[in-house]
Amino acid sequence: SHLRRADIRVTKTVCTYCGVGCSFDIWTKGRQILKVQPTVEAPTNGISTCVKGKFGWDFVNHPDRLTTPLIREGDHFRPASWDEALSVVAERLFDVKSRYGPDAVMFIASSKASNEEAYLTQKLARTVIGTNNVDNDSTYCQDPATYGLRQTVGYGADSGTIQDVAAAALVLIIGSNTAESHPVFATRVKRSHKLGHQKLVVVDIRRHEMAERADLFISPRPGTDPVWLLGLSKYLADQKWLAYDFLASRVEGLEEYLESLAPYSLDYTETVTGVPRDLTMKVAQMIHDAPSLAILWAMGITQQRDGSEASLAIANLLLLTGNFGRPGTGAYPLRGHNNVQGASDFGAKPLFFPGYQDVRDPAIRRRLEALWQVPLPSEPGLNNQEIAGAIHQGRLKALYIVGEDTAVVDADARDARDAFSRLDFLVVQDIFLTKTAQYADVVLPASPSLEKEGTFTNTERRIQHFYPAMEPLGDSWPDWKILQAVAHRMGANWPEYIHPREIMAEAAQAAPLFAGVNYDRLDGYHTLVWPVKADGQDEPLLYRERFHTPSGKARLVPVHLQGPNHEAPSFDLHVNNGQLLEHFHEGNLTYRVPGIQTLVPQVFLEVSPELARERDLTDGTWVRLTSPTGWVEVPVLVTDRVRGTTVYLPMNAVGTGAINDLTGTGIDTHTKTPAYKDTVAYLEVIRRA
Ligand code: SF4
C-alpha cells in the first residue's frame, strides 16, 4: 500500500466474497472506505467487479464487530482480556485432550481467512493437539469435484484459468448459477458469447440468467444430471465422435469405460431425465464441432448424493473428447468462498497435509515430522459433515471453529445446533457474534482481510497477495496471530512468526506443490498459479504434456449412481437453493452492508406459475415449507425461472427463511458432502398477500 495524499491510503486487496478472486485498489481514509478502484493489472478481473466487491465492504465498520475476547458466564458473555481468554482456551483444550485423547478435539479452518491462517489452523490441530480432525467449508461444496478430478486427471482443481474459459469455442455450464454466484467469471463468458466466438450450453433445473443467454438450455429432472452426462457420452461414442489419438496416447481405461456406458441409451436417458433426445443429440453435435470445450460446474452438481460420480462423468466426458491440456479446454469446478480453494490446498483437510499430501503415507509424515519437530497422527480425521454425529456419539468433545457459521450452514442445521449445545468446550474465532458463536464458551475477535496481510487462492489456483488497508478494529487480532498465540500458550515449539511471509515460507517447505511460492514473487498484483516449481515457474494451464498421475496418463473411471432422494410421497415439492447476486452465503457480511441490505432485505421462495395456480399463491403470500428435518416460513415470488413442483429458496437468508432448517441427511457417496440440493418438502399457506 502507498499514500496518495497525506491522509488517503490506496491499498491493493483481493475480494473477500467469492472464489473468482477479483483484485483491486481500495481507497481509505482512516477507517472510512472511500472507493474501490479496479485496475487493468488485476489478472482475473481487470477493470470488472460485481456489486459485492465494489460496494460490499462496510461490514468492517459495523457496530456488531467483536472488539474484545468474550468468555461465557451462564447464559451470557463477559468481555475478557486476551491473556485470560487464551489461558482458558489452552487449559480447556488440554483438559479435553488429556481426558479423552487428541481425537476428541476438532478444528474448522475458515474458507474466508488466508492461506497462512489455514496452514496454522491445521498445524495447531496436528502438531499441538495431535489430531487430523481439521476441515473447512469445502466438505460442504466442491469436495465431490475434487474427488472426480483426482481420480481421473490428478489435481482436484480448475485445469486452466478464466482466460481459457473466455477462449473456449464451446462452454457448457452445468449446475452453476454463474451470473449470480461467480459474477465476473460469468461476465467473461457473456462477452465471448456476445462477440460470437463462443457457443454456450446451460444445463440446470432453473432458468437463470445464463440459461436465458444460452444457445441451448437443457433442463433435466432434479438429480438426474449425471444420467444425462452419461447418455451424452454414450451417444458421442456411438457416433464415433471421440478424440481417438488423444485417448490412445494419453488416457487409460477406454474400453472398460465404454462398456460401462452401455445402459445409457438415448431412450433410457430421455425416460430418466426428461430431456428430449434431439436436444441431447444437438449438444453432442456442438461438442463434436467445437475445437475446444470447457465445462463449468458448481453446487447444483456437487451437493447431490451422486456429486462425486457426476464430477467423474464430467471429467470423463472431457477426456473422451480430448478437451484437456490445450488453451480453451478443461474442467472448472467453481469455488464458492474467496479462499475455500486455499484452505484445502494449505492442509485444512482431514486426509491431507498441505499440498494434498496423504496423512497415511509414512514417507510424507517423516518429512513433515522433521520440519515440524513433532510426531504426527496417521489416521484420517473427521470432516465437517461428521461433526454433529460424532458429538452425539460422545466421541467429539471440543471444537475450535475459525470463521465459519456451522450452526447455520451445516445441513440439518437444527441438529447441528443441538449437537453444539452438548459440547464440553467450543471456541469460536470470528468477526461477528454469529449464530455458532452464541454456543461458544470462548469467543476470540478476529480481523477481516482489510485489516491484515496474507494470500488467498482463487478458483483458478491463483495465489494473490492482499495488504492491510487499516488497523485491526478495537482489540481484534488477525487470525494468524490468534492461532499462534494459542499454540504458544499450549507450549508448542513453533517459531515466533512476525509476518505472514514467514508462514508462507514454511508452507512452501512443507508442500512441494508450493515449492517456489514466496512473498517476493507475490508483490503487488503479481500472482502465482500452482503448482509452483522451486524456480518460481507456475502452471496456469495444467496437463499440457502429462496428467498428474503416476503414469502421466489420465484414467477414465466408470460411474456408479445411487439416484436422487425418494422420501415419502407427501413431500411433494423439490427444494432447490443457491445464491442471490447481492448477498453472500449465510449473509453474515452482506446483511451488515447497509446499501446491500436496502436493495435486498428479504429472500423469497420462487414458485412456478403452475404451482401458484394450483395452490392459489400470489407474490407475497407467506408459506410454511416443511421437510423431513424441519421447516421455514417465507414469502412467495411467482416466476417462470422455476418449473412445476420445484421451488427455489436463496441460501442467503437469516432467521425463519434459513435453508438449512430444511436440508436433510443425504450425503455424497465418496466425500460425505451433504446433498443440499436434494431436499423435498410440502407447502402450507400461512398468510395471503
Ligand atoms: Fe468479489 Fe466474486 Fe464479485 Fe469478483 S465476482 S467482485 S470476487 S464477489
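Which residues of helix 21 (residues 479-489) are buried? The legends below take up that question and others for this predicted model.

**Figure 1. Helix 21 and what covers it.** The buried residues of helix 21 are Asp479, Trp480, Ile482, Leu483, Gln484, Val486 and Arg489. It helps to recall that an α-helix has 3.6 residues a turn, so residues three or four places apart point the same way. The cover over the buried residues of helix 21 includes helix 2 (82-100), helix 3 (115-129) and helix 22 (500-510), together with strand 17, strand 18 and strand 19 (442-445). If you follow the chain just past the end of helix 21, you meet Gly491, which has a positive phi of about 85 degrees.

**Figure 2. An open sheet of 7 strands.** Here you can trace the strand order 6-5-19-18-17-7-8, with mixed pairing. Strand 6 (76-79) and strand 8 (134-135) are the edge strands, each pairing on one side only. Further in, strand 17 (residues 398-402) and strand 18 (residues 425-430) run parallel and are joined by 5 bridges. One place to look is Val402, whose bridge partner in strand 18 is Gln429.

**Figure 3. Strand 7 and its two neighbours.** Which way do the side chains of strand 7 (residues 105-108) point? Val105 and Phe107 point one way, while Met106 and Ile108 point the other way, and all are buried. Strand 7 runs parallel to strand 17, and 4 bridges join the two. Met106 has Leu399 as its bridge partner in strand 17. Strand 7 also pairs with strand 8, again in the parallel sense, over 2 bridges. On that side, Phe107 has Val134 of strand 8 as its bridge partner.

**Figure 4. Inside the largest nonpolar core.** This core has 204 residues, and Val171, Ile295 and Ile314 touch the most other members. Helix 15 (residues 307-320) gives the most to the core, with 9 residues. A good spot to zoom in on is Ile314: leaving aside residues up to four places away in sequence, Ile314 touches Gly148, Leu229, Ile295, Trp297 and Ala331.

**Figure 5. Where domain 1 meets domain 3.** The domain assignment gives domain 1 (70-133 + 342-450 + 474-519), domain 2 (143-333) and domain 3 (573-687). The C-alpha centres of domain 1 and domain 3 are 32 Å apart. How many residues of each are in contact? On the domain 1 side there are 13 residues, in contact with 15 residues of domain 3. Helix 19 (406-409) and helix 20 (413-420) are the elements that give two or more residues to the side of domain 1 that touches domain 3. By type, the residues on that side of domain 1 divide into 5 nonpolar, 3 polar and 5 charged.

**Figure 6. Stepping back to the whole chain.** The protein chain contains 24 helices and 29 strands. Its radius of gyration is 24 Å, close to the 26 Å that the globule rule gives for 689 residues, so the chain is as compact as a globular protein of that length. Along the principal axes, the C-alpha atoms fill a box of roughly 70 × 65 × 55 Å. Of the 689 residues, 58% count as buried. Among contacts with a separation of 6 or more, 73% come from residues 24 or more positions apart.

Terms used
Residues numbered from 1 in each chain as written. Predicted model: local features only at pLDDT ≥ 70, side-chain atom pairs only at ≥ 80, totals over all residues. Domains from an automatic or database assignment. Contact = placed C-beta atoms within 7 Å. Helix = DSSP H or I, 4+ residues; strand = E, 2+ residues; numbered from the N terminus. Nonpolar A, V, L, I, M, F, W, Y, C, P; charged D, E, K, R; others polar. Rg over C-alpha atoms; globule rule 2.2 N^0.38 Å. Buried ≥ 20, exposed ≤ 12 C-beta atoms within 10 Å, placed from the backbone. Core = buried A, V, L, I, M, F, W, Y, C linked by C-beta atoms within 7 Å. Pairing = 2+ DSSP bridges.
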